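Q: Please take a close look at one part of this model and describe its surroundings. Afterwards, please set that part in the context of the chain as a whole.

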Amino acid sequence: NGEVVVKNPADFVGAHLGESESKTKAILEATIGKVLVIDEAYMLYPGKGTTDPYKTAVVDTIVAEIQSVPGEDRCVLLVGYKEQMEEMFQNVNPGLSRRFAIDNAFHFEDYNDEELLAALELKLKSQDMTATDPAKQVAIEVLSRARNRPNFGNIGEVENLLSSAKNRFQKRNAGPDAPFEPEDFDPDYRRSEHAESNLEKLFEDVVGCDDVIEQIRKFQQIAHTCKSRNIDPRDLVPTTFVFKGPPGTGKTTTARKMGQIYYDMGFLASPEVLERSTSDLVGEYVGQTGPKVKALLEKALGRVLFIDEAYRLGEGQFAKEAIDELVSCLTLDRYKGKIIVILAGYENEINQLLSVNPGLSSRFTQEVIFKHMSPRASIELMRRELAKKKVVSRALDGSDEDGYNHVWELIEQLSQLSSWGNARDLKQLANEMITQSFQMSSSTTNSEEASSNITLSTEDTISCIFVMLSQRISREGHVPPPVVQSLPTASYTRNPPLRPPPPKTKTSKATQEAKLPLGSESTLSEDDVGRDIGVSDAIWRQLQADRMAQEQAKQRAEEAMKALEEESEKIEHDKHQRAKELEKIENSVAKNQDNGERERIMRHREQARLRELAIIEEKAKIQRALDEEA
């Protein structure tokens, strides 16, 4: 009779054994001569790796009752999402594929922009509402971005957008007959026009990334030109990136801003950035990696996926499987241009990863290089960090030219160390300077004094940097700390400070002596031999203590060397003794046939073998110690 009956899986599944079969048979019998629609039919599949006897009974009953032969007075439609339906047909009763030929299935694609516009106009007309042409264009842009997300609702998405527009329309207090305006569909619909100014605002708190900002600005210009010519910018603007550079240069910070940048350009449905590590892609057993990668990409659709320390994807078989799956998925239409993927890591390690996987290199062609921060940018970053806590330093703002130049020199020395962390270490230095200034500042209850800036002296500024430099050099090479040069006599050939240098004035010898740190004398004592002008007592005492500690360490090393040599000779002697014992035990084993005695001898033999291994290991440890001391 043409009646359509719509059911869902819950209508078929019973609460106890045997009930699922009864309910399924009853529904099938009641729909003879009608059209039975089973919506979201994929829910009859419990999922890979799990079993559900109740759902399995429903599928088996459908296979048994429906033969799909000509003349059968019934029509059954299974409805659901493509991927889930295909997975169900691959894993349930094979007879289901013979009853329902999935190769001949009806495929319903997402609506394109023209179809979404037609649907919007029909919805507006049915509700006696109107919208301006610019408003309709903005609505289509919103729907187009939303289409990048998984499970796009098509007509349902149009209805949701229209409901949101009604709420904004009412808040505008427009007249009852007024049409929808662009701001009703998207309050920030002009974001693409202000993308460049938004870019400057996004990076206003970042120092030393001018080259990166300029590179991103070029992408924005390409997208703007494409939009003005009605060209899809996804073919010209990259969506896969490799961020590489030293630590603390802004890779993670920039990646967190890429969501907003590409959202403003109209690429993404959301400015959200998903930060993940390689462990989120790599499985723990065979067959787990592929699904993990796909699940992560599905979640990241319409967003930015940032994978930090991506060079670890070159470690291990499962990690390489993750790379292959990632490369494969990014070529599919489902993900291409709908997700921004960023791989980040240190330059050498990332280059190694790209070199061993040509497929990955061909998919991630756009590189963003992050360089070490320059001394100028480093000093500016520290100045900003101090300013947040209302602390100022003449050595950082350029008002003390000699102090500024000395800081520049120390930062240059720090940046040449392999352990230098750029902004990471600079913020640590700034915190130490702030702590130093707060400790030396007297507490006050006066509101005006409490709101005023605290001044950190040039000497204390340089002292904080020098302490870090000394520690880093000591850790890396076990060499004496650097010598602090005199501030007044330091000369450098480099760019001028941030601000114009103060005017030069002649300083007499007496004035120079007066500028020495408090507690020091104008004439040098025996302990002050080699001490430069401008070195505070605290720094000089630290240098003297470091020198004495090095001399004591050298003496202890010599004593340890002598003890190691004696131990080495003793172990060598023990080795020969154990070799003789082994020979005797082997002869006894060959002659003795008693099982009990044989087991006892074998235990001695095993003990001798373990002792031999211990001797070898101890000898290797001594040799390594000798090599290190050498």
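A: Contact here means heavy atoms within 4.5 Å. By that criterion, and not counting residues up to four places away in sequence, Ile-66 touches Leu-28, Glu-72, Arg-74, Val-76, Arg-99 and Phe-100. The model is a predicted one, in which local features need pLDDT of at least 70 and side-chain atom pairs count only at pLDDT 80 or more, while totals for chains, interfaces and linings use all residues. Residues are numbered from 1 along each chain as its sequence is written, and side-chain values use heavy atoms, with hydrogens and water left out.

Ile-66 is located in the loop between H2 and E3; helices (H or I, at least four residues) and strands (E, at least two) are DSSP runs, numbered from the N terminus. Ile-66 counts as buried because its relative accessible area is 5%; buried means under 20%, exposed over 50%, and partly exposed in between, with a 1.4 Å probe and protein chains only. One of its contacts, Arg-99, is 33 residues away along the chain, and the two C-alpha atoms are separated by 7.1 Å.

The loop that holds Ile-66 leads to E3, a member of an open sheet of three strands in the order E1-E2-E3, with parallel pairing. Two strands pair if DSSP finds at least two bridges between them. Strand E1 (4-7) and strand E3 (75-78) are the edge strands, each pairing on one side only. On average, neighbouring strands of this sheet are turned by 20 degrees against each other, direction ignored; the axes are lines fitted to C-alpha atoms, for helices over the stretch in contact, and angles run from 0 to 180 degrees between N-to-C directions. E2 and E3 run parallel and are joined by four bridges. Within E3, Leu-77 is the bridge partner of Val-37. In general, strands of a sheet pair through backbone hydrogen bonds, either parallel or antiparallel.

Between strand E2 (35-38) and helix H2 (53-65) is a loop that contains Glu-40. The phi of Glu-40 is near 50 degrees, a positive value in a residue other than glycine. Most residues other than glycine have a negative phi, and most peptide bonds are trans. Glu-40 has 34% relative accessibility and therefore counts as partly exposed. A second such case is Lys-390, whose phi is near 60 degrees, again positive in a residue other than glycine. Lys-390 belongs to the loop between helix H16 (375-388) and strand E9 (391-393), and is partly exposed because its relative accessible area is 40%.

Two residues of helix H11 also merit description. Thr-254 is found in this helix, which spans residues 251-264, and is classed as buried because its relative accessible area is 1%. Its side chain reaches the backbone oxygen of Gly-250 at 2.7 Å. This is a polar contact, that is, a pair of N or O atoms within 3.5 Å; within protein, one must be able to donate a hydrogen and the other to accept it, and residues adjacent in sequence count only if both atoms are side-chain atoms. Beyond its neighbours within four places in sequence, Thr-254 is in contact with Phe-203, Val-212, Ile-216, Phe-243 and Phe-370. Tyr-262, also found in helix H11, counts as buried because its relative accessibility is 1%. A polar atom of the Tyr-262 side chain lies 2.5 Å from the backbone oxygen of Pro-238. Leaving aside neighbours within four places in sequence, the contacts of Tyr-262 include Phe-219, Val-237, Phe-241 and Ile-340.

For the wider setting, the largest nonpolar core has 31 residues, and those with the most contacts inside it are Met-382, Val-407, Leu-414 and Ile-465. Such a core is a set of buried Ala, Val, Leu, Ile, Met, Phe, Trp, Tyr and Cys residues joined through side-chain atoms within 4.5 Å. Apart from it lies another core of 30 residues, among them Val-293, Leu-297, Ala-300 and Cys-329.

The protein as a whole has 24 helices and 10 strands, and buried residues make up 38% of its 630 residues. Among contacts between residues at least 6 apart in sequence, 73% join residues at least 24 apart.
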